[in-house]
Amino acid sequence: MSDNKHRVTRRQFLNYTLTGVGGFMAAGMLMPMLRFAFDPILRETAGTEMVAVADVKEITTEPKRFDFKVKVKDAWYESEEPRSAWVYKDEKGDIIALSPVCKHLGCTVDWNTDKNNPNHFFCPCHYGLYTKDGTNVPGTPPPAPLDRYELEVKDGKLYLGKAKPRGEA
């Protein structure tokens, strides 16, 4: 038997070596680019921070609109997004914070602005109605109740988190 069967020629050796070195160089250039592209997707996002909105002493039984800003991070872009909430105390003294976004088509609801339906949240876009607790009035366009904000009271201040549909924990 000949020893030539298991020998690698100089040409094959150079071919294997250059292919290997080229592969390592390509991987070295591609890895940072892939990491940059997929980092925001792979990074765990923290829950929405609670934002100070109002002093508890300002809150009454009549719904009042409070405007605030939330820091939002979209991939690499960070910004402050304006939000608002309708806040009041119910008959038990518990604080309720409702989202002003109508569940029909996303218009903004107002409190007590419809002369025909006093003490209701009213959506002027399509005449949607909600009761004071945010429940949609049957026979009007909204298919679901207004979302409620997660809330927390600390040191006499009201903090709001994320708005969630009713029934979500």
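**Surroundings of Ser-99 and the aromatic pairs**

The side chain of Ser-99 comes within reach of the backbone nitrogen of Val-101, at 3.3 Å. The model is predicted. Ser-99 sits in a loop. This loop runs between strand 4 (95-98) and strand 5 (110-111). The relative accessibility of Ser-99 is 5%. Buried means under 20%, so Ser-99 counts as buried.

Contacts of Ser-99 were also examined beyond its neighbours within four places in sequence. With those neighbours set aside, Ser-99 is in contact with Leu-146, Asp-147, Tyr-149 and Ala-163. Ser-99 thus combines a loop position with a buried setting.

Aromatic rings were considered next. The structure holds 4 aromatic pairs. One aromatic pair is formed by Phe-122 and Tyr-127. The two ring centres lie 5.9 Å apart. The angle between the planes is 40 degrees, and the pair is tilted. Phe-122 has a relative accessible area of 10%. Because buried means under 20%, Phe-122 is buried. For Tyr-127 the relative accessible area is 59%. Exposed means over 50%, so Tyr-127 is exposed. The tilted pair therefore joins a buried ring residue, Phe-122, to an exposed one, Tyr-127.

Ring pairs also build a cluster. Its members are Trp-86, Trp-111 and Phe-121.

A charge over a ring was found as well. Lys-154 lies over the face of Tyr-159. The distance from the ring centre is 5.6 Å.

Methods
Residues are numbered from 1 along each chain as its sequence is written. This is a predicted model: local features need pLDDT of at least 70, side-chain atom pairs count only at pLDDT 80 or more; totals for chains, interfaces and linings use all residues. Side-chain values use heavy atoms; hydrogens and water are left out. Helices (H or I, at least four residues) and strands (E, at least two) are DSSP runs, numbered from the N terminus. Buried means under 20% relative accessible area, exposed over 50%, partly exposed in between (1.4 Å probe, protein chains only). A polar contact is a pair of N or O atoms within 3.5 Å; within protein, one must be able to donate a hydrogen and the other to accept it, and residues adjacent in sequence count only if both atoms are side-chain atoms. Contact means heavy atoms within 4.5 Å. Rings of Phe, Tyr and Trp (its six-membered ring) pair if their centres lie within 6.5 Å; planes under 30 degrees apart count as stacked, over 60 as edge-to-face and the rest as tilted. A charge sits over a ring if NZ of Lys or CZ of Arg is within 6 Å of the ring centre and within 35 degrees of the ring normal.
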